[in-house]
Amino acid sequence: MAERSWSFSNVFQSMFRGAEQITEDTWDDLETALISADFGPEITDAILGELRAQVDRHRVTEVKELRRMLRESIEERLAAFDPTLHLSERPAVILVVGVNGVGKTTTIGKFARYLKTFDKKIVVGAADTFRAAAVEQLATWADRAGVDIVRPQQQGQDPASVAFQTVERAKNDDFDIAIIDTAGRLQTKGGLMDELSKVRRVVEKQSPIAEVLLVLDATTGQNGLAQAEAFIEHAGVTGLVLTKLDGSAKGGFVLSVQQKTGLPIKLVGQGEGIGDLTGFTPHVFAQQLIG
Ligand code: GDP
């Protein structure tokens with residue numbers, strides 16, 4: 001997917017501006033920058049340790065060189081995860097899960113539009129049946145993206161039955177991809193996880209599930225991660241979508257989220273418009289973050 005620049009706070013840009021020689025202050029500034037960009041204490045320590053060792057080993061003295069090493073270290077850590085989307089099944093069934101408000105519905109709209117540019121035939125399923133507004137919102141996005149939608153016949157219809165009908169539709173009408181929206185009411189965590197398990201069971205009887213994408217709001221940082229744990233434990237997540245990176249000063253979250261979950265970031269959302277979704281490229285990301 002096309003890349004676009006992120007608008008992170010320029011903690012790194014300002015820390016690397018001015019000074020030419022590495023001093024003890026450089027390390028203090030770097031630690032502060034890493035923590036404030038939400039890399040988290042463990043990754044911050046790991047990066048600092050690695051860079052200090054490299055600087056000693058190669059007798060590096062210039063801040064400019066340290067910056068390059070930092071960029072490479074971040075890129076390498078990001079590249080340890082494979083961001084490939086597996087969509088070769090026909091139909092490729094994608095479940096989209098996550099807490100309400102993170103940007104699930106918007107992501108589905110943007111993703112459907114993106115996939116459509118490759119001449120894929122797409123249907124979306126509104127399996128968040130509890131909130132009428134959620135169904136309407138998905139219908140609006142489906143309309144914008146120019147894709148079909150399967151919606152519940154009545155409010156509160158069993159989400160698994162809507163998921164079933166979506167996959168049926170995809171199989172019968174020869175669609176390439178079925179993207180299923182799911183509920184995200186965290187107040188009823190146990191109930192929600194049971195509901196998602198049922199959706200998965202029902203769908204798996206019809207077709208293998210190509211991807212279960214967990215959507216996370218990058219602006220919530222480490223808190224968002226805590227909320228997502230239940231999904232990772234119970235929903236068979238295969239990859240992450242990070243939304244609202246356009247509004248986030250927390251670029252380091254990208255790194256810590258992969259490391260902590262062990263899951264690759266497959267898509268990033270960078271705005272509310274239909275074109276504001278891209279794939280994830282470690283090289284570009286590290287460059288944007290560190291400069
Ligand atoms: P859902 O409850 O998870 O389905 O969340 P929605 O798709 O309704 O999105 C919640 C809010 O986040 C809406 O106001 C969206 O416009 C906004 N949103 C979603 N993705 C992004 C993004 O990548 N960037 C920004 N700035 N806003 C986003």
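This passage describes the overall fold, the salt bridges, one buried helical residue and the unusual backbone geometry of a predicted model.

The chain contains 11 helices and eight strands. For its 291 residues, a compact globule would be expected to have a radius of gyration near 19 Å, and the value of 21 Å computed for the chain agrees with this expectation. Taken along the principal axes, the box filled by the C-alpha atoms is roughly 65 × 40 × 30 Å. Of the 291 residues, 53% count as buried, and the accessible surface of the chain comes to about 12700 Å², with 47% of this area belonging to carbon and sulfur atoms. When contacts between residues at least 6 apart in sequence are considered, 77% of them join residues that are at least 24 apart. The chain carries 32 positive and 40 negative charges, and the mean positions of these two sets are 4 Å apart.

The count of salt bridges in the model comes to 15. One of these is formed by the side chains of E24 and R52, with an N to O distance of 2.9 Å. Because E24 lies in helix α2 (residues 24-36) and R52 in helix α3 (residues 41-57), this pair ties together parts of the chain that are 28 residues apart in sequence. Both ends of the bridge retain some access to the probe: E24 is partly exposed, with a relative accessible area of 49%, and R52 also counts as partly exposed, at 34% relative accessibility.

A further salt bridge is found between D173 and R169, for which the closest N and O atoms are 2.8 Å apart. Here D173 is partly exposed, with a relative accessible area of 35%, and R169 is likewise partly exposed, with a value of 27%. In the salt bridge between K244 and D217, the closest N and O atoms are 3.2 Å apart. K244 is placed in the loop between β6 (239-243) and α10 (252-261), whereas D217 belongs to strand β5 (residues 209-217), so that this pair ties together parts that are 27 residues apart in sequence. The two partners fall into separate accessibility classes, since K244 counts as partly exposed at 31% relative accessibility, while D217, at 8%, lies under the 20% limit and counts as buried. In addition, salt bridges that share partners join E65, R68 and E72 into one network.

Attention then turns to L66, a residue of helix α4 (residues 63-78). With a relative accessibility of 0%, L66 counts as buried. Leaving aside its neighbours within four places in sequence, L66 is in contact with I22, T26, W27, L30, L51 and V55. Of these partners, T26 is one whose number falls within the range of helix α2 (residues 24-36), while L51 falls within that of helix α3 (residues 41-57). The C-alpha atoms of L66 and L34, which are 32 residues apart along the chain, are separated by 14 Å.

The backbone was also examined for uncommon conformations. Most residues other than glycine have a negative phi, and most peptide bonds are trans. Against this background, the peptide bond from R90 to P91 is cis, with omega near 0°, and P91 is placed in the loop between α4 and β1 (92-97). The C-alpha atom of P91 is separated by 27 Å from that of A132, a residue 41 places away along the chain. A132 itself is in helix α6 (residues 132-145) and is partly exposed, with a relative accessible area of 38%.

Positive phi values in residues other than glycine include those of D38 and K244. For D38, phi is near 70°; this residue is in the loop between α2 and α3 and is buried, with a relative accessible area of 13%. For K244, phi is near 60°, and the residue is found in the loop between β6 and α10. K244 thus combines a positive phi with a part in the salt bridge to D217, and it counts as partly exposed at 31% relative accessibility.

Note on methods
Residues are numbered from 1 along each chain as its sequence is written. This is a predicted model: local features need pLDDT of at least 70, side-chain atom pairs count only at pLDDT 80 or more; totals for chains, interfaces and linings use all residues. Side-chain values use heavy atoms; hydrogens and water are left out. Helices (H or I, at least four residues) and strands (E, at least two) are DSSP runs, numbered from the N terminus. The radius of gyration is taken over C-alpha atoms; the globule rule is 2.2 Å times the number of residues to the power 0.38. Buried means under 20% relative accessible area, exposed over 50%, partly exposed in between (1.4 Å probe, protein chains only). Contact means heavy atoms within 4.5 Å. Accessible areas come from the Shrake-Rupley method with a 1.4 Å probe; for residues, only the protein chains shown count as cover. Lys and Arg count as positive and Asp and Glu as negative; His and the chain ends are not counted. The place of a charge is taken as NZ of Lys, CZ of Arg, CG of Asp or CD of Glu. A salt bridge is a side-chain nitrogen of Lys or Arg within 4 Å of a carboxyl oxygen of Asp or Glu.
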